[in-house]
Amino acid sequence: MAGDIYWGFVAVVSATVGLLTVLPEIYAWLKAPSRWTPVNSPPYMLGDDYHYFAQLNDIHRKCLNFFYGTRLSTRPLTALFGFQLAGYFFNLLPYHIGFLLGDRRLGVLVVRVWNRSLLGLATAVFAKGFFLLIGVTPTTGLLILVFLVFFIFFPGPFELGGADSIVMQMENSRHIYDRSNANDLTRGMFSETTAPLLLSACAVLTLVIDVRHGMVVGILGLFCLAVLFFHYFPAAVVFAWLLFLIFLVKHYFLLAFACGLLTIGLSCFSMHMLSRSDIGKELFVQNAGTAIFSFRRSSFIGVAFTLCLALLLVFSLPVTPQTSVLVLYLGSVFFLAGLFFVKHQAIRFWSRGAVIPFEVMSTVVLATIALPLLTEGFISVFILVCFGILVRYYYRQAFFLYHVGATLLADGIEFDRDICPRDAGRFPARSRLVATNSTALADCICVFSADETYLRNYSIQSVGYRGQVRFFCANFKVLGISFAECERWLAMSVEYKDWLFARPFQKQTPFAELCYAHTLQYMVSNREYNQALLRDGMHDGTGWTPKYRDFLRETWGTVDLSMMGDVVGVVVERPY
């Protein structure tokens, strides 16, 4: 019957899509059970996985210590980590289920399927609410079609990024290899967690408009706002803006005031806490005298294209849209203003926030315009076509990623020997401290192991780049590596463009050497985004300065091996 939504069927379709998206990892697992990995290091793969899954592993260790009495090492809770706790707790249970079924690699895999399955449900719930606001009663097939079209065309087709979507890259077998994910809906852990959480919150917005007891649902909206603030700040600001506009339209002025007050209060609190942390001072503070805005031609073209297309779509609806529809739809376009800011974080309010509900609403509007043509038969055919595109795309990705080694552990590294030693037991109660010359092994230890390593990513520690340099010097000193060799890697003049576009390349080549040096430098200081390096005179924008080399030598001299306790050294014969 029209209007009866079979949510169980929607859930099955969503889970099927979720499983399809991890086909490359499943393929590697079946082909090489001892060597497969859902997260790999440069040059094989890039992305945010090392940061987010290392943090998830750390909070999982904290829970194991609390509930199971283990004594695994954990890191202090940083300000940045604290303002993302909601997302980690959201993913903690599926991660633990995977951990119990196999190991932490399977935990990562279950988290990905969990997020991408919930994405389909959240999209369908929000799409249904927006359809009803327009005046259309959707069917189960129509909601599934909206989700599939949204997923395979994201971040387009209603913005210029659509050329990089799944449907446009279906025949490009190295698409995931080049950009580390199919699209931002499957990026790292946090972008793929943000999408279902933000769309679920946006579904609450449609309830505020559509029910009699809007005040009660409005309070639920404020709760969603608080959750998003402790997950991902740009998504929280996007939702706060849309919630504030809806409150004004519905004349809930008290709730609008509460929304504004909560947003400003939480924003100021988060900025204050970040400004007190070493990482916040180094990464997020704007340097004095630098430009704030950048008015590029490409930005104007992107804004004009999206805004004009949105206006054309919404005013092509067969019925006059109510004010609430216009506020939700066009209100999200406001964040295109981020294209005109210099700092890369500003664009995230659009690219990892507002564009998500915008693309869903655009797909709903387009479906409403084309509704006379969308019979049940046509919808079924289109759904099959969408699934065919997904199968074709991920089938090609799986083969390519496996054959270039992107879904396998790096050569010279064994999971049961180096990452989770078999002699320590399946669930070790204590952690080892590991020093290694392999960035790939260090990343895997942080993400998959119960152990700790000196070579940890800059973004998952709390001491800033100066403390990181000390850890890295200690790491190489334990291994018996000379200062000259350490300085060579940490002060080499290298940019990611020097090796990135040459992938895949063989080990022990000049490209592999450049990649290794750049990866070490990124791990130690997050160099490309670290404003403190420029302020302190360690880097001049073109290369490392003599002051930085002196700092390296001074730090190396302060490392006392006799004070370091038990450290397990793992030297990989060919680390690059």
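For a chain of 576 residues, a compact globule would have a radius of gyration near 25 Å, and the protein chain has 25 Å, so the two agree. The model is a predicted one. Its C-alpha trace spans about 75 × 55 × 50 Å along the principal axes. The secondary structure of the protein chain consists of 24 helices and three strands.

Of the 576 residues, 57% count as buried. Among contacts in the protein chain with a separation of 6 or more, 76% are between residues 24 or more positions apart. The exposed surface amounts to about 23,900 Å², and carbon and sulfur atoms supply 66% of it. As for charge, the chain carries 44 positive and 38 negative side chains, with the centres of the two sets 2 Å apart.

The interior comes next. In soluble globular proteins, nonpolar side chains tend to be buried together. Here the largest nonpolar core has 136 residues, and Phe130, Phe151 and Phe239 are those with the most contacts inside it. A second, separate core has 42 residues, including Leu455, Ala474, Met523 and Val559. In the largest core, Phe151 may serve as an example: not counting residues up to four places away in sequence, Phe151 touches Val17, Thr21, Leu119, Ile166, Asn183, Leu185, Thr186, Leu390 and Tyr394.

Val559, from the second core, lies in the loop between α24 (546-558) and β3 (568-570). Val559 counts as buried because its relative accessibility is 7%, and the cut-off for buried is under 20%. Leaving aside neighbours within four places in sequence, Val559 is in contact with Arg470, Cys473, Ala474, Lys477 and Met564. The C-alpha atoms of Val559 and Asn475 are 9.8 Å apart, although 84 residues separate the two along the chain.

Polar residues are also found among the buried ones. Thr363, in helix α16 (residues 348-369), has a relative accessible area of 8% and is therefore buried. Beyond residues up to four places away in sequence, Thr363 touches Val146, Val149, Phe150 and Phe158. Asn530 sits in the loop between α22 (510-525) and α23 (531-535), and its relative accessibility of 2% means that Asn530 counts as buried. The contacts of Asn530, apart from neighbours within four places in sequence, are Glu282, Leu283, Tyr458, Tyr465 and Ser525. Asn530 and Leu283 are 247 residues apart along the chain, yet their C-alpha atoms are separated by 5.0 Å.

The backbone has some features to check. Most residues other than glycine have a negative phi, and most peptide bonds are trans. In this model, a cis peptide bond joins Phe154 and Pro155, with omega about 5 degrees. Another cis peptide bond joins Gly156 and Pro157, where omega is about 0 degrees. Pro155 is located in the loop between α7 (140-153) and α8 (175-179), and Pro157 is in the loop between α7 and α8 as well.

Positive phi values occur at Gln508, where phi is about 60 degrees, and at Asn526, where phi is near 55 degrees. Neither Gln508 nor Asn526 is a glycine. Gln508 lies in the loop between α21 (483-490) and α22, while Asn526 is found in the loop between α22 and α23. Gln508 counts as partly exposed because its relative accessibility is 43%. Asn526, at 9% relative accessibility, counts as buried.

Technical notes
Residues numbered from 1 in each chain as written. Predicted model: local features only at pLDDT ≥ 70, side-chain atom pairs only at ≥ 80, totals over all residues. Heavy atoms only, no water. Helix = DSSP H or I, 4+ residues; strand = E, 2+ residues; numbered from the N terminus. Rg over C-alpha atoms; globule rule 2.2 N^0.38 Å. Buried < 20%, exposed > 50% of the residue type's maximum accessible area, 1.4 Å probe, protein only. Contact = heavy atoms within 4.5 Å. Areas by Shrake-Rupley, 256 points an atom, 1.4 Å probe, with all protein chains shown as cover. Lys, Arg positive; Asp, Glu negative; His and termini not counted. Charge placed at Lys NZ, Arg CZ, Asp CG, Glu CD. Core = buried A, V, L, I, M, F, W, Y, C linked by side-chain atoms within 4.5 Å.
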